[in-house]
Amino acid sequence: MALRTDDISINTIIGKGSAISGNMKVNGFIRIDGDIDGSLETDGNVIVGENARIRGDLTAKSVIIGGIIKGNIKANESVKILADAAVIGDVISRKVQVDGSALIHGHCISIKDEAEYGKISSEYLQSRAIKEKVSL
């Protein structure tokens with residue numbers, strides 16, 4: 001991926017009413033207000049709007065969720081799940097914040113220490129990959 005020049009401006013927007021089918025690899029900050037049927041990977045931040053729906057895994061620096069994600073989330077810095085949002089899958093991050101009536105149906109791993117986080121998240125992702133291959 002190319003180098004980001006800043007972490008504040010949004011590089012990509014998936015607007016309300018838009019639908020994307022397939023995996024995406026995006027550079028920088030992305031806001032999603034539409035639907036994605038596939039995995040999303042970015043080296044920046046992600047905002048999932050309240051009308052957004054994602055069916056696939058999400059990998060980012062940090063994530064704020066207002067909509068629905070059916071898939072696993074891995075964010076190196078933080079995950080914030082707003083009230084009325086839903087995550088059906090596992091959440092792995094150094095910092096996780098869940099508001100009021102938000103829903104998580106899955107495992108949650110949150111470890112503040114960077115070295116320990118790297119070790120535990122690697123082990124977890126490796127065990128999940130093995131389980132997925134066995135279930136095929």
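## What covers helix α1

In this predicted model, the buried residues of helix α1 lie under a cover that includes β11 (73–81), β13 (91–93) and β16 (108–110). The residues being covered are Tyr-117, Ser-121, Tyr-124 and Arg-128. Because these four span an arc of only 65° around the axis, they sit on the same side of α1.

Turn to the face pointing away from that buried side, and you will find the exposed residues Ala-115, Gln-126, Ile-130, Lys-133 and Val-134.

## The length of α1

Helix α1 takes in residues 114–135. How far apart should the ends of its 22 residues be? At 1.5 Å a residue the expected span is 32 Å, and the end C-alpha atoms are 31 Å apart, so the two values agree.

## The six-stranded sheet

Elsewhere you can trace an open sheet of six strands, paired in parallel and ordered β2-β5-β8-β10-β12-β15. Its edges are β2 (19–21) and β15 (103–105), each with pairing on one side only. From one strand to the next, the twist averages 5°.

For a look at one pairing, take β8 (residues 53–55) and β10 (residues 68–70): these parallel strands are joined by three bridges. Here Arg-53 stands opposite Ile-68 in β10. As a general reminder, the strands of a sheet pair through backbone hydrogen bonds.

## A buried asparagine

Is Asn-45, a residue of strand β7 (residues 45–48), buried or exposed? Its relative accessibility is 13%, and the cut-off for buried is under 20%, so Asn-45 counts as buried. The side chain of Asn-45 also has a polar partner: the side chain of Ser-62, in a contact of 2.6 Å.

Terms used. Residues numbered from 1 in each chain as written. Predicted model: local features only at pLDDT ≥ 70, side-chain atom pairs only at ≥ 80, totals over all residues. Heavy atoms only, no water. Pairing = 2+ DSSP bridges. Helix = DSSP H or I, 4+ residues; strand = E, 2+ residues; numbered from the N terminus. Axes fitted to C-alpha atoms, helices over the stretch in contact; angles between N-to-C directions. Buried < 20%, exposed > 50% of the residue type's maximum accessible area, 1.4 Å probe, protein only. Polar contact = N/O pair within 3.5 Å; in protein donor to acceptor, adjacent residues only side chain to side chain. Expected span 1.5 Å × (residues − 1). Arc of directions from axis to C-beta. Contact = heavy atoms within 4.5 Å.
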